[in-house]
Structures are given as structure tokens and as C-alpha cells.
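Work through the exercises below with the sequence and the model side by side. Try each task before reading its solution.

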Amino acid sequence: MCDGFDNDCDGLIDEGVLRNYYRDSDGDGYGAGAPMGAACTVPAGRSLNNQDCNDGNAAVKPGAWKTCGIGACADRVQACVDGVERPCKPGLPTAEQCDRIDNDCDEQVDNVPALHCGTGACERTAPTCANLCWMEETQDGKPPRQVCEWGEHGVCNPGLPTAEVCNNNIDEDCTGAADDSTNPTAWVTFFTDRDYDGYGSSSEPHRACRRPANTSASAGDCDDAAPDVAPGTPDVCDGQDNDCNGSIDEAGVCRAAAVCAERGAVMLRGVSNKCLDADGNYQGADGVPTQLWDCHGEGNQRWTLQSDGTVQDPGGKCLSVDWRNGIANGTPVVLGQCTGTLNQKWLRQADGSLRGATGRCLDAFWNDSWPNGTRTVLWDCNGGLNQKWTVVP
């Protein structure tokens, strides 16, 4: 026997009974390669066989299985066959079907695109996969039983059309077009809105179902050429009925404006604690760009907020929208001779922004850090930090 003794007294120890052992690097009980020695007891990290086809992976050994893929693409193979490791290759996905199988191998079963039907407010969706059920007679005289088959049996039923409602951008009568009623009694009255402030002139009504261009469903604009004059606009001391309530310069408005004017020139501090600044080459000329710069309180950072809505520098120049090429987003804001035109009118809002009569706000052009020299432009009012200006004495 293999016990380290000469049991048969022939002068030899354990002859013919020693067992070869092999390297088992991954400790899975199966070795590989040539024999490393022979002994009665197998040393640690060794195995009595060399059948492992991958001695670096304990999961790969004779009798083990590899799995790969998901759904219908899943496969399973023996890890080792005749001492050779076998790869596992998932199947190819196919189009998804209503068969309770993940055909396209995306971990979702029967996710066939939904059915769509109808248009406008009548549009509906329904699952494509569904049961189709019917009753069948039984063979043993028992009551009929229900039998169901799963498949592409979904049904989509469009909604029922209703009377078209005007000016809501919904196609209630399901014709493929919203606000297309031909019934004059359903039409809405719109009003010409020439200054695009959301309110039209009551003296110019138009009846229609779909809102015509340059009109508004809200009337009451008492000056349809001035975008800063409309119902709900805060009244300022300028000799106009800014809020269209029939009163000009209501009580306290002009006194408040006078108090502001008495305070004199101020700084307007914006984003990154930088101030509204006329360009460093400021010489009092027209067209000087405005920008952000570290606050220093010199003349080119001093502004007077006048009661007529203008913002003036110490030289009497006005903060102006350079509207020679329009008033789109990004239009430069510069200094110019005060002319009283709309491109020089600014209205300070409750959130600290300065809204121009053009309907857009004074904006420090977007930049991650807003360094010195960041230009100021006109931009849609959005409440951003780069549109907030704090009055600093």
C-alpha cells in the first residue's frame, strides 16, 4: 500500500502505487499539463488528473457549463470537451413577436410596437399583443370552456370626434387640423396686436377659429404701438396710461420716480459681482459697447435711472439697443444720443431685471465665468442671474 513503508520487504518503498499529480492553479479540482511529481498524498494546489482545459478559471472545467445571451439568444454549452475549452456564442436576435419569448433579446418579452389609430383628440394606442378567447364544447358533456390564444390580436379603436373648440390647438373633431371649425358661432374674437405685447386693440376685432398672425385673444391695449403700454403693466411717471386703466401717472408714481432721480447716479451690479460698464475706451461717443467689469465706481460705471424709462450715463448718453439690424436675441446694447425712442426705454422688474420696451431684457452674454469684457446684449427675459441687476449707490 502507499504508506511510506516497504510493506513487501523487497527493499523498495511504495513501488508501483505512487500517484502522479498535476498543477491545479485555479483550485477547481482539475489539473493541467505534465506530471509535477508522484506521492501517496496529493499536495495542496495539485490534482490527480490533468483534464482541465483552462487552469486559470475555476468556472471552466470538465462537467461545467457556460451560459451566454438573454431571451431567445441564450445558449448553453459544456465548458470542456475532450480537453478543449468551448466558447459560448449567443444566438442572433430576431424581430419581436407575440409569443411570450424575448425574440429581440432586449430583456423584454413581447414588447412589440403598440397599435396607433385615429387622429387629433381621437388618437389612441393599444397593445399589439393580446389574448383572443372563444368558447369550445367539451367532450365529456361538461359546460363549454373558454380557450384563449396569445398573439397579435390587439385592437385599436379611435375615440369619437366632438365639436371643435377654437383657439386651443386641439383637433377635437379629428379632421387632422386643430382649430378648423367652420361654425361661426364657435369662433373667437381676436384683436390686432401690432406691438406684440400680448394685448390687442379693442377697435380692431377679427372673428376666427384659429388665431391669425399678429393678433391676440386679449383686448384692452390702449396704445398698440408701445410694447410697454398694456393692461397689467406697472405704471411709471411718463405722462402715459401705462396699465391702460384710464388713469395717467397714478398717485405716488411720480413722487417715487422723483425720489429715485434725487438719489443721483448709481452702479448696476450684475452676475459675478461685476458692474455694467461702458467700454474702457469710452470717450462719450455714440455706439460705445457696454460690458461687465469689476466694480470701481468711476464715471463709466455710473448710471441714472430716469423717470422717462431711460438709463443715462454722466455725459447724458442713453443705454440703447443697437436696433439697426433688428431686435433679435444677441443684439448689442450700446451708448447713444438720447432720442426718446423705444430702443432706449427700460423698465426695472420686480426680480431685478431691466426689460426693454422691445420686450427683451438687458443680458450679460452667457459665459461660464463672465470675465471682464463680457458684452451686454438684448435677450429673451428668462430670470437668469445674468439678467439680474442690483442698484448700488
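The exercises cover a small sheet, a strand pair, the nonpolar cores and a pocket.

This is a predicted model, in which local features need pLDDT of at least 70, side-chain atom pairs count only at pLDDT 80 or more, and totals for chains, interfaces and linings use all residues. Residues are numbered from 1 along each chain as its sequence is written, and side-chain values use heavy atoms, with hydrogens and water left out.

**Exercise 1.** Find the order of the strands in the open sheet of three strands, and explain what is special about β2 and β3.

Solution. Strands are DSSP runs of E with at least two residues, numbered from the N terminus; two of them pair if DSSP finds at least two bridges between them. The order is β2-β1-β3, with antiparallel pairing. β2 (32-39) and β3 (46-47) are the edge strands with a single partner each, so one side of each has no neighbour in the sheet. Next, take β1 (residues 19-23): two bridges join β1 to β3. Y22 has S47 in β3 as its bridge partner.

**Exercise 2.** Describe how β20 pairs with β21 and where the side chains of β20 point.

Solution. The two strands are antiparallel and share four bridges. Across the pair, L319 stands opposite L335 in β21. In a regular strand, side chains alternate between the two faces of the sheet. In β20, C318 and S320 point one way, and L319 and V321 point the other way. All four are buried (under 20% relative accessible area with a 1.4 Å probe, protein chains only).

**Exercise 3.** Identify the residues with the most contacts inside the largest nonpolar core, and the elements that give two or more residues to it.

Solution. A nonpolar core is a set of buried Ala, Val, Leu, Ile, Met, Phe, Trp, Tyr and Cys residues joined through side-chain atoms within 4.5 Å. The largest has 19 residues, and L268, L276, W303, L319, W346, L362 and W389 have the most contacts inside it. β16 (274-278), β20, β21 and β24 (361-364) each give two or more residues. A second, separate core has five residues, including C53 and C80.

**Exercise 4.** State which strand gives the most to the lining of the second largest pocket, and the classes of the lining residues.

Solution. β20 (318-321) and β21 (333-336) each supply at least two lining residues. β21 gives the most, with three. By class, the lining has four nonpolar, eight polar and three charged residues; Gly counts as polar, and Asp, Glu, Lys and Arg as charged.

Note on methods
Buried < 20%, exposed > 50% of the residue type's maximum accessible area, 1.4 Å probe, protein only.
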